Amino acid sequence: ALHIARPLLIAEMASLPAPTRSLVSQLRILWSDMNSAHPGGSPAPTEELVTYSRRCGAEMYLCAEALQSEVAAAAAAGGDRSEEEELEAELQRTQWATCIWELATLMLVQRPLVAGECLLPWWHRHLCDPMAEEAAHGLVAAAAPEAQGAYWPTLAGLVAQGKTRLAGDLLRAHSALRAGGGDGGGGLLASRSTALLLRLDTLLDTLPRLTEPEIFDTHDEAAAPSLGAQEAMSCFRLRWRVWSEDVASLVADLEAAPAGDAEATAMCRVARVLASADGALGEASGGSWHGELVGRLLLEQPVRLRWQLSGVFSPPPGPDAFEACLVALLRDDPYAAMAAIRQAFGDGWLIAHLWDLLCRARAVRSDPLEGSPLSLRQYFLLQYAKALGGVPPLWQLAAAYGGDLLSEPGAAAEARAWLGDLLLSAAQHDSAAPAGSTLHAHKVRKLLGVCEKLGLTAAADAVLRARGGASRAAALGSDVAVAKRASLPLADGRAVEQALLE
């Protein structure tokens, strides 16, 4: 099940735009702090991991914002559309990755007792269709919004999305309620319609929400809920039962309305969404499987436990890789999510940092892979480092990840061998530069500084042979003191070069 076959995405890494390169640098800083506090992927407190995840997520949002600006600038510049399309694709990948990162943190790190109320804000940020909300703002400002054909479908859509406050504002924009509840000269029929509108408004306003703090605490499915959580859920069930009976009563009264009462029929569709009647949520959600899931958790099964979501939704047949990630995470299956993430994003920053996070949260195993001394976490970090190393300007970032793996049992030998290849490749990359130039000297100083820091004597020798030529290498030998002398704070590049030849 853990067979590794996904190739590195060096080509993709090489074409990263500036905002994404900034993101990978910031993620390295945050990960380094976490790894210093908890070396080698060791467990960390949930509160600390959630804070770390949010800081990483904030960098992802900043990256997406910068990419949006670059897309706008490319569009304004005109010309070849290829650059704009590449930026748009990278923006979409970043937004998808942020969505997956936040869902994984919620389901596998934070692990609340009940998922519904926690999923709602995540879904609103990433997957909710904004058209209903945009239409609602225009309808609220209209003089008689109920006369427009979009009024009642928009109201039903807002209810299905859990935006009951905006739905209430839209309902109260109805002429009958805006006029203060009078019959508007329509007699008994108008009074009855107004009474039904008021009942619907009350139900929207009093929808029970399970928002007690105990529900959001981390909960292991093998343990019984805390006393506070049990009490909160018991009180909620009482309120929910009363509210549900009131909704059922309203639906019955609306269905009993005289034939030809178009407004009662439209109002009944909204009430049926509140009641989560057969097919009503699916229709109001526009066929969105995740939208219907969120609606069911809010309006039908609000006390559904986090690890019991599989029976609440039906994923689409043949989902794409992104949807497969969401389905796996909602089903509490990190290994299926891992496979889908690799299919969608390759062995890049997302899977490397996410799997490290899940290991620290003890949501996944840290066993060695079959036929390899590496754990899956170490494998992903090393693959990511190799992908970074395929981009010459990012060789130092790649070496930093590889250097951290030198201190981890099982990963040290492979990381050491790869680091030697990386440093030699970096030394050979700008071979067109004059041997005595400042660029050359600074590059050598950096390379040998890494060799000294990581104790890579053989790599230092290989770097000097590649950069200095056979005659100088013969005089230098393989003494690690070469690397130490190279890291001295000398005045200029020529002095560094002279020190290397002494």
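In the predicted model, Arg81, Glu84, Glu85 and Glu88 are joined in a network of salt bridges. Side chains of opposite charge can pair when their charged atoms come close. The count of salt bridges comes to 23.

One of these pairs joins the side chains of arginine 93 and glutamate 90, with a distance of 2.6 Å from N to O. Both residues belong to helix H4, where they are three residues apart, about one turn of the helix. Arginine 93 counts as partly exposed because its relative accessibility is 37%, which lies between the limits of 20% and 50%. Glutamate 90 has a relative accessible area of 8% and is therefore buried, the limit being 20%.

A salt bridge also links the side chains of aspartate 356 and arginine 360, at 2.8 Å from N to O. The two residues are separated by about one helical turn, because they are four residues apart in helix H18. Aspartate 356 has a relative accessibility of 0%, so this residue counts as buried. Arginine 360 is buried as well, with a relative accessible area of 0%. A further salt bridge is formed by the side chains of arginine 342 and aspartate 347, at 2.8 Å from N to O. Arginine 342 and aspartate 347 are both buried.

The protein chain as a whole contains 26 helices and zero strands. Of its 502 residues, 49% are buried. The area exposed by the chain is about 22500 Å², and carbon and sulfur atoms supply 54% of this area. When contacts between residues at least 6 apart in sequence are considered, 68% of them join residues at least 24 apart.

Helix H2 covers residues 18–37 and has 20 residues. From its first C-alpha to its last, H2 reaches 29 Å, close to the 28 Å expected at 1.5 Å a residue. Its buried residues include Leu23, Leu27, Leu30, Trp31 and Met34, and also the polar or charged positions Thr20, Arg28 and Asn35. Among the elements that cover the buried residues of H2 are helix H3 (46–77), helix H4 (81–110) and helix H18 (349–360). Helix H19 (376–389) and helix H20 (395–405) also contribute to this cover.

The largest nonpolar core has 105 residues, and the members that touch the most others are Leu119, Leu326, Trp349, Trp355 and Leu423. H4 gives the largest share of this core, with twelve residues. A second, separate core has 51 residues, among them Leu170, Met233, Val247 and Ala264. Leucine 326, in the largest core, touches Cys99, Ile100, Leu103, Trp122, Leu127 and Trp289, when residues up to four places away in sequence are not counted.

Glutamine 161 lies in the loop between helix H7 (151–160) and helix H8 (164–172). Although placed in a loop, glutamine 161 counts as buried because its relative accessibility is 9%, under the limit of 20%. The side chain of glutamine 161 reaches the backbone oxygen of aspartate 129 at 3.2 Å. Apart from residues up to four places away in sequence, glutamine 161 touches Leu120, Trp123, His124, Cys128, Asp129 and Ala132. Aspartate 129 thus appears both in this list of contacts and as the residue whose backbone oxygen the glutamine 161 side chain reaches.

Technical notes:
Residues are numbered from 1 along each chain as its sequence is written. This is a predicted model: local features need pLDDT of at least 70, side-chain atom pairs count only at pLDDT 80 or more; totals for chains, interfaces and linings use all residues. Side-chain values use heavy atoms; hydrogens and water are left out. Buried means under 20% relative accessible area, exposed over 50%, partly exposed in between (1.4 Å probe, protein chains only). Contact means heavy atoms within 4.5 Å. Accessible areas come from the Shrake-Rupley method with a 1.4 Å probe; for residues, only the protein chains shown count as cover. The expected span of a helix is 1.5 Å times one less than its number of residues. A nonpolar core is a set of buried Ala, Val, Leu, Ile, Met, Phe, Trp, Tyr and Cys residues joined through side-chain atoms within 4.5 Å. A polar contact is a pair of N or O atoms within 3.5 Å; within protein, one must be able to donate a hydrogen and the other to accept it, and residues adjacent in sequence count only if both atoms are side-chain atoms. A salt bridge is a side-chain nitrogen of Lys or Arg within 4 Å of a carboxyl oxygen of Asp or Glu.
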